[in-house]
Amino acid sequence: MKPLNIGLVGYGFMGRTHSNAYRQVSNFFPLEYRPVLKAVSGRDAAKVKAFADNWGYESIETDWRKLIARKDIDVIDIATPNNLHAEIAIAAAQAGKMVLCEKPLAMNTPEALKMVEAVEKAKVPNMVWYNYRRVPAVALAKQLIDEGKLGKIFHYRAKFLQDWTINADVPQGGAGTWRLDVNVAGSGVTGDLLAHCIDTALWLNGGIDKVTAMTETFVKERKHSETGKMEKVGIDDASAFLARFKNGSLATFESTRYARGHKALYTLEINGENASLAWDLHDLHRLQMFDHADKGYVRGWRSIHVTDGDQPYMKHWWVPGLQIGYEESFVHQVADFIQGLSSGKPANPTFRDGLETDKVTDAVLKSARTGQWESCQ
Ligand SMILES: NC(=O)c1ccc[n+]([C@@H]2O[C@H](COP(=O)([O-])OP(=O)(O)OC[C@H]3O[C@@H](n4cnc5c(N)ncnc54)[C@H](O)[C@@H]3O)[C@@H](O)[C@H]2O)c1
């Protein structure tokens with residue numbers, strides 16, 4: 001295997017999932033390139049060093065610009081808060097690096113478009129970390145839909161529910177809680193959680209034509225971690241929208257961080273004329289299917305345990321019946337990215353694919369303001 005030198009920016013939650021994926025992928029997938037943990041970058045030298053030692057990075061940088069300038073780095077991997085994605089990605093592309101970027105691609109559509117233009121102008125491989133595409137049960141849903149098993153699609157519905165911001169004492173800004181600061185996050189649950197639901201939906205069911213939405217900010221002021229002052233909250237705490245897909249199907253999407261009892265409940269369901277599929281992140285190795293072609297006396301929802309060698313990704317893991325989990329979706333994404341480098345057929349979602357989700361989230365936020373249906377074009 002040839003080396004593929006990784007330069008990671010940001011060492012929080014996603015820095016860990018990505019590092020774990022780089023370390024595991026070559027043990028399970030036969031690939032032309034082997035990721036090498038060359039350098040990790042962050043502002044706090046002591047913390048970055050501790051992260052580098054823990055995960056096996058060879059070196060550290062405290063300025064991402066220095067990381068990008070290094071000749072020994074092939075891939076810049078952006079795992080920072082959303083307000084930094086564009087600046088880092090554009091600089092990396094201009095330096096000729098491959099760029100992997102966390103979701104959402106950018107703070108808004110115009111910024112995302114600049115990122116797409118930068119990677120396409122530089123002709124550098126690029127990908128957005130919408131990892132739920134790589135959960136085997138979700139990949140099986142894609143396969144069944146593409147095979148025509150569902151027939152004409154009538155409905156799509158998705159939810160992403162959490163409950164961690166109900167307490168008004170949770171601050172905005174700073175490590176982890178940057179998600180509540182609109183200047184860093186861009187938006188609230190729409191760009192953070194619904195972006196995942198939208199990406200999966202676009203992949204499974206095609207483009208969205210238009211949306212009508214409502215959002216709410218339940219806690220209007222929160223203390224800012226950096227200023228220590230109470231400041232207005234600019235993000236959406238909850239967001240729900242109706243959508244019309246280009247294929248004629250109707251959809252509902254809902255997300256909140258105020259659904260007491262739910263930690264990360266991402267569910268989706270798709271109903272076609274011949275069959276329906278449903279998936280739940282809390283039971284992520286299972287795909288629920290109802291097939292109207294079954295004989296009437298045995299017809300019912302079946303629960304497919306996606307663990308067998310002829311199901312997506314699973315032949316690379318253990319033996320049939322033994323399941324995998326959340327972390328492996330990132331391993332699959334790295335494997336697909338590297339296979340894309342070898343085959344010349346880029347792995348999805350590319351930056352251009354990721355741009356489509358930003359267009360939908362912008363239309364959702366606009367509709368919540370105007371009270372009108374808004375186009376996603
Ligand atoms: N794919 C997924 O399922 C998923 C899940 C969570 C987060 N995310 C996305 O990943 C990104 C990071 O989220 P996270 O949960 O890892 O956040 P985090 O707060 O856990 O980590 C962010 C990291 O960025 C660093 N950082 C912040 N400002 C910086 C700066 N100016 N220069 C350099 N480094 C800086 C922080 O020190 C930290 O190491 C976000 O875009 C988020 O939307 C994706």
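**Note on the two domains and the ligand shell**

1. Start with the ligand. The residues of the shell around the ligand comprise 11 nonpolar, 8 polar and 4 charged. Keep in mind that this is a predicted model.

2. Which residues come nearest to the ligand? There are 23 residues around the ligand, and Gly10, Gly12, Phe13, Met14 and Glu102 come nearest. Find these five names in the structure before you read on.

3. Now look at where the shell comes from. The helix α1 supplies the largest share of the shell around the ligand, with 3 residues. Both domains take part: domain 1 (2-131) and domain 2 (132-375) each give at least three residues to the shell.

4. Next, the chain itself. The domain assignment splits the protein chain into domain 1 (2-131) and domain 2 (132-375). Taken over C-alpha atoms, the centres of domain 1 and domain 2 are 23 Å apart. On the domain 1 side, 37 residues enter the contact, and on the domain 2 side, 40 residues do.

5. Which elements give two or more residues to the side of domain 1 that touches domain 2? They are α1 (13-28), β2 (33-41), α5 (109-122) and β6 (126-128). Of these, α1 gives the most, with 8 residues.

6. What is the make-up of that side by class? The side of domain 1 that touches domain 2 has 25 nonpolar residues, 10 polar and 2 charged.

7. One element to remember is α1. It gives the most residues to the side of domain 1 that touches domain 2, and α1 also gives the largest share of the shell around the ligand.

Note on methods: Residues are numbered from 1 along each chain as its sequence is written. This is a predicted model: local features need pLDDT of at least 70, side-chain atom pairs count only at pLDDT 80 or more; totals for chains, interfaces and linings use all residues. Domain bounds come from an automatic or database domain assignment. Two residues are in contact if their C-beta atoms, placed from the backbone, lie within 7 Å. Helices (H or I, at least four residues) and strands (E, at least two) are DSSP runs, numbered from the N terminus. Ala, Val, Leu, Ile, Met, Phe, Trp, Tyr, Cys and Pro count as nonpolar, Asp, Glu, Lys and Arg as charged, and the others, Gly among them, as polar. A residue is near a molecule or strand if its C-beta atom, placed from the backbone, lies within 6 Å of it.
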